[in-house]
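Reader: Hi! I've got this one open on my screen and would love to talk through how its helices pack. Could you walk me through it?

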Amino acid sequence: MSKQDDFSFNGLRVAVTGGTSGLGLALVERLHRGGASVVFIARDASRVRALAARLPGTHGIVGDVADKARIHGLAMQVTAALGGLDLLVNNASTLGPEQLVPLADTECEDFEAALQTNVLGPFRLTKALLGALASSARQGRAATVLNISSDAGVNAYATWGVYGASKAALAHMSRIWDEEMREHGVRFLALDPGDMDTPMHAQALPDADRASLKRPAAAAEELLARVVWAEANSEVTA
């Protein structure tokens with residue numbers, strides 16, 4: 001990966017899930033601008049096509065990380081498009097089918113659906129791409145998985161139980177992955193971007209003051225700076 005002070009990502013091979021909206025979109029734009037080879041995955045085919053056309057050189061894949069049957073196909077498309085993988089960003093996330101309700105009123109199926117996207121999706125995709133990441137590490141390249149976490153996975157917010165529990169699981173899973181894969185040169189980070197002005201935030205809190213929220217582009221810049229710093233200093237952050 002490039003030096004922290006120039007923020008050039010020339011030659012970096014990156015895959016970003018949930019890449020057509022909010023933070024995912026900002027990451028795709030920033031990495032593309034920095035010279036990275038970027039593949040992004042999202043569910044909406046029209047948005048995938050539009051973004052790929054707007055950012056020539058990127059490669060869009062239509063897919064849902066919550067769909068277990070599609071994971072290996074997505075992983076194969078990623079490695080075919082990039083010729084390998086250096087950085088996987090598990091950004092795709094959901095508040096759940098029924099948003100912001102007390103746990104006592106949460107349907108088991110809704111909890112399960114959130115776990116499929118927020119925990120099992122990142123787990124399966126990471127596992128399917130682990131060979132490509134390990135190969136990158138053996139070649140002396142930076143090999144990193146960035147899982148997008150949240151303070152809701154640390155602090156107990158009423159009505160945020162499904163989302164918070166899933167993000168707590170994602171963060172702890174990241175720590176375990178990092179312990180297990182460090183000797184193979186693959187690093188795992190779980191980083192919280194903070195409260196951002198995104199469609200998901202507006203969906204959850206429509207009355208929030210948007211002016212007080214962080215812009216996704218600023219959050220993307222901060223996250224990538226921390227990834228670069230972590231690579232240079234062998235940081236474990238979760």
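**Helix packing and a cavity**

Author: Happy to! The crossing of H3 and H4 is right-handed. Bear in mind that this is a predicted model.

Reader: Thanks! At what angle do H3 and H4 pack, and how far apart are their axes?

Author: H3 covers residues 71-82, and it packs against H4 at an angle of about 45°, the axes being 9 Å apart. The angle is neither under 35 degrees nor in the 65 to 115 range, so H3 counts as oblique to H4.

Reader: Which residues meet there?

Author: From H3 you have Ile-71, His-72, Leu-74, Ala-75, Val-78 and Thr-79. Across from them, H4 brings Gly-121, Arg-124, Leu-125, Ala-128, Leu-129 and Ala-132. Sorted by class, this contact has 8 nonpolar, 3 polar and 1 charged residues.

Reader: Nice. How do H4 and H5 pack?

Author: H4 (residues 108-138) and H5 (residues 161-181) pack at an angle of about 20°, with 9 Å between their axes. That makes the two helices roughly parallel, and their crossing is right-handed.

Reader: And which side chains should I click on, in H4 and in H5?

Author: On H4, residues in the contact include Asp-110, Phe-111, Leu-115, Phe-123 and Leu-130. On H5, try Tyr-163, Leu-170, Met-173, Trp-177 and Met-181, among others. By class, the contact of H4 with H5 has 15 nonpolar, 3 polar and 1 charged residues.

Reader: Switching topic: how many cavities of 30 Å³ or more turn up in the whole structure?

Author: The search finds 1 cavity of that size, and its volume is about 50 Å³.

Reader: What lines the cavity?

Author: Its lining consists of Leu-95, Glu-98, Gln-99, Leu-100, Val-101, Thr-106, Thr-159, Trp-160, Gly-161, Val-162 and Tyr-163. Val-162 and Tyr-163 also belong to the H5 side of the contact with H4.

Reader: And how does that lining split by class?

Author: There are 6 nonpolar, 4 polar and 1 charged residues in the lining.

Key
Residues numbered from 1 in each chain as written. Predicted model: local features only at pLDDT ≥ 70, side-chain atom pairs only at ≥ 80, totals over all residues. Heavy atoms only, no water. 1 Å grid on protein atoms, 1.4 Å probe; cavity = no way out; pocket = protein on both sides within 12 Å on 5 of 7 lines; lining within 4 Å. Points joined across faces, edges and corners; volume = space filled by probe spheres on them. Nonpolar A, V, L, I, M, F, W, Y, C, P; charged D, E, K, R; others polar. Axes fitted to C-alpha atoms, helices over the stretch in contact; angles between N-to-C directions. Helix = DSSP H or I, 4+ residues; strand = E, 2+ residues; numbered from the N terminus. Parallel < 35°, antiparallel > 145°, perpendicular 65-115°, else oblique. Left-handed = near helix turned anticlockwise from the far one by under 90°. Contact = heavy atoms within 4.5 Å.
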